[in-house]
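Reader: I have a structure to look at and would like to go through it slowly, one question at a time. Could you guide me through its sheets and helices?

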Amino acid sequence: MGLSLAYKVLKDHLIEGELKQGQEICIKVDQTLTQDSTGTMVYLQLEAMGVEGVKTDLSVAYIDHNTLQQGFENADDHEFIKTVAAKYGIVYSKPGNGICHQLQLENFGKPGSTLLGSDSHTPTGGGLGMISIGAGGLDVAVAMATGKYFMKVPKVINVKLSGKLSPWVSAKDIILHVLRELSVKGGVGKIVEYTGEGVKSLSVTDRATITNMGAELGATTSIFPSDSNTLEYLKLQGREGDWKEISADADATYDEVLEIDLSTLEPLVAQPHSPDNVRPVKEIINLKVDQISIGSCTNSSYSDLMKVARILKGKKVHPDVSLSIAPGSSAILKTLAENGALADMIAAGARILECACGPCIGMGQAPKTDAISLRTFNRNFFGRSGTESAQVYLVSPEVAAASALKGYLEDPRILDVELDIQMPEKFERNDSLFVYPPADRKSVEVVMGPNIKPFPVNKALGEKLEGKVVLKVEDNITTDHIMPSNASLLPYRSNIPHLANFSFSTVDKEFPQRCKDNGGGFIVGGDNYGQGSSREHAALAPLYLGIKAVITKSFARIHKANLINSGIIPLEFADASDYEKIGFMDDVEIGDLLSALPTGKVMLNDKTSGMSIELKFEGSERDIEILRRGGYLNYAKSNLI
Ligand code: F3S
């Protein structure tokens with residue numbers, strides 16, 4: 001039986017286990033990436049493992065999230081990461097160089113290889129034919145220390161593309177359509193693999209936009225074949241030697257198939273506050289717009305920004321609109337500056353931001369109160385923009401630029417502009433913003449400023465857990481709810497004691513103090529708990545506050561792994577309707593844990609109501625061992641290194 005491309009790449013990297021759906025396997029990790037917001041914690045953990053250097057072919061530490069330096073905190077974190085990178089043999093990308101995923105794609109990604117990143121949009125690399133997975137920080141630290149990553153073999157969904165996009169319809173509209181079809185939960189436990197004739201009409205950066213936002217499906221990753229378009233892209237980057245052709249076997253079988261005729265798609269928009277709340281742009285074109293932000297790891301490629309420049313050229317941004325543009329990399333910015341496109345954007349009234357995540361992570365550009373903000377980004381969760389009353393809509397660069405001129409959400413198909421973008425001969429790699437590790441790493445001293453505080457480590461698991469339900473929340477709780485990442489908190493990503501005071505602050509401000517008053521306790525949640533980013537702070541802050549277990553109807557993949565890695569037990573209701581039976585501040589108890597976890601069936605005794613509720617634990621033997629030892633760091637030190 002033929003193999004999907006996803007399974008072929010996994011098979012090439014298999015270290016342990018059998019490539020059978022649902023089985024745990026260990027794969028060789030070729031490359032890792034971190035960004036600064038999760039990176040400080042990753043490198044503290046790497047240091048705690050006591051290894052001499054990384055075991056991957058390539059590891060890169062990017063600074064792209066917390067780039068504002070208003071106080072010493074971010075600067076301290078950057079210096080720590082720079083010195084750790086030099087000590088352990090990691091390439092360091094300076095602030096201003098660009099967004100991790102765009103830079104990895106341009107400079108390092110290789111078809112058929114594996115990449116593990118401490119950022120949920122690491123699947124961007126799938127546009128180059130990589131198995132490129134976002135993971136929690138500890139998983140990435142272990143991958144650097146050992147070259148290994150443990151995962152359950154996912155199912156594979158085949159998205160079969162036929163036809164060709166109509167003018168003014170773009171890759172963003174393809175992934176918004178997939179989100180409309182499959183929802184933000186549709187990819188959980190699955191890899192999304194794109195095949196079909198329609199693939200040929202998409203460039204690598206189009207494909208990367210699609211695999212990037214596959215994260216919003218909850219998918220493990222997404223992947224495209226590597227073909228002649230991939231070779232063209234790598235040639236442009238001066239890396240044709242990294243190319244190889246790879247695709248699924250002709251007789252590959254898949255668990256699900258979604259067919260899309262690209263010629264039937266039209267410009268789409270994801271409405272607040274979820275990326276799958278998708279409608280055609282033409283249905284809401286009377287929406288008055290206050291702010292437009294173009295950029296992010298989803299839509300900041302050269303061709304995205306050239307299209308924007310072409311639309312803006314010789315025109316003026318509407319007086320009521322604030323338009324900001326952040327190129328994905330310094331190489332793109334340099335090329336736009338050299339070919340005049342940057343001047344066209346500035347002349348039209350755009351604000352040019354540095355090459356970084358910027359507004360996508362709430363680093364500046366918070367919209368005004370009650371604003372309508374159009375963004376080419378990948379997430380529009382409540383509060384993520386930094387303004388809780390703002391309404392964020394996700395759109396393609398073409399829709400964003402057309403709307404910037406009109407002042408209202410606009411269907412770009414009305415524009416009379418020629419959009420045939422010619423690629424330059426070659427991109428000049430901007431090596432001046434990369435720092436490569438020195439030959440003599442032994443003498444490097446790691447610098448840790450006062451903003452960097454020790455991270456919490458759990459204790460070995462006992463037989464019984466007891467405490468109060470200190471928080472009960474609804475469905476689709478995001479990591480932004482659990483650990484908000486606004487501009488005032490981002491500088492404290494290496495300071496868990498400070499951050500913990502803001503855990504769930506947009507949901508229940510009393511939560512941290514309640515935990516402190518009750519010695520921690522339990523959280524009860526609904527479906528898809530922990531969706532969103534890979535940040536392990538959403539597990540470490542609750543760990544610091546004494547949370548012992550989180551009980552939900554279902555979990556998002558990376559957050560569940562982060563809970564296990566922190567030694568917090570993720571449990572699900574055997575019968576989802578039992579969610580109603582546990583009350584806020586109920587006294588609960590779980591006994592016989594060590595013997596119950598391997599059976600997958602765990603009984604919870606609600607002492608307040610007197611009811612007994614069946615829960616399930618879904619995890620591997622290794623997960624149980626990690627929980628037994630009080631987290632992955634304790635486990636890795638004694639089992640893997
Ligand atoms: Fe950065 Fe936003 Fe992507 S924070 S990595 S641009 S999702």
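Reader: In what order do the four strands of the parallel open sheet lie?

Author: This is a predicted model, in which local features need pLDDT of at least 70 and side-chain atom pairs count only at pLDDT 80 or more, while totals for chains, interfaces and linings use all residues. Residues are numbered from 1 along each chain as its sequence is written, and side-chain values use heavy atoms, with hydrogens and water left out. Helices (H or I, at least four residues) and strands (E, at least two) are DSSP runs, numbered from the N terminus, and two strands pair if DSSP finds at least two bridges between them. At the edges, pairing on one side only, are E11 (221-223) and E12 (256-261), and the full order is E11-E10-E9-E12.

Reader: Which residue is the bridge partner of Lys 160 in E10?

Author: Strand E9 (residues 155-162) pairs with strand E10 (residues 190-195) in the parallel sense, over six bridges. In E10, the partner of Lys 160 is Thr 195.

Reader: At about what angle does helix H6 run to E12?

Author: Helix H6 (residues 171-182) lies across E9, E10 and E12, where contact means heavy atoms within 4.5 Å. Axes are lines fitted to C-alpha atoms, for helices over the stretch in contact, and angles run from 0 to 180 degrees between N-to-C directions. On that scale, H6 runs to E12 at about 135°.

Reader: Which residue in E8 stands opposite Lys 28?

Author: Another open sheet has three strands in the order E1-E2-E8, with antiparallel pairing, and its edge strands are E1 (14-16) and E8 (148-152). Five bridges join strand E2 (residues 24-28) to E8. Opposite Lys 28 stands Lys 148.

Reader: Why is H5 described as roughly parallel or roughly antiparallel to H20?

Author: The axes of helix H5 (residues 137-146) and helix H20 (residues 632-639) come within 10 Å and cross at roughly 15°. Angles under 35 degrees count as roughly parallel, over 145 as roughly antiparallel, 65 to 115 as roughly perpendicular and the rest as oblique. The crossing angle therefore makes H5, relative to H20, roughly parallel.

Reader: How many residues of the contact of H5 with H20 are charged?

Author: Leu 138, Asp 139 and Val 142 in H5 meet Tyr 632, Leu 633 and Ala 636 in H20. Ala, Val, Leu, Ile, Met, Phe, Trp, Tyr, Cys and Pro count as nonpolar, Asp, Glu, Lys and Arg as charged, and the others, Gly among them, as polar. The contact residues therefore divide into five nonpolar, no polar and, as charged, one.
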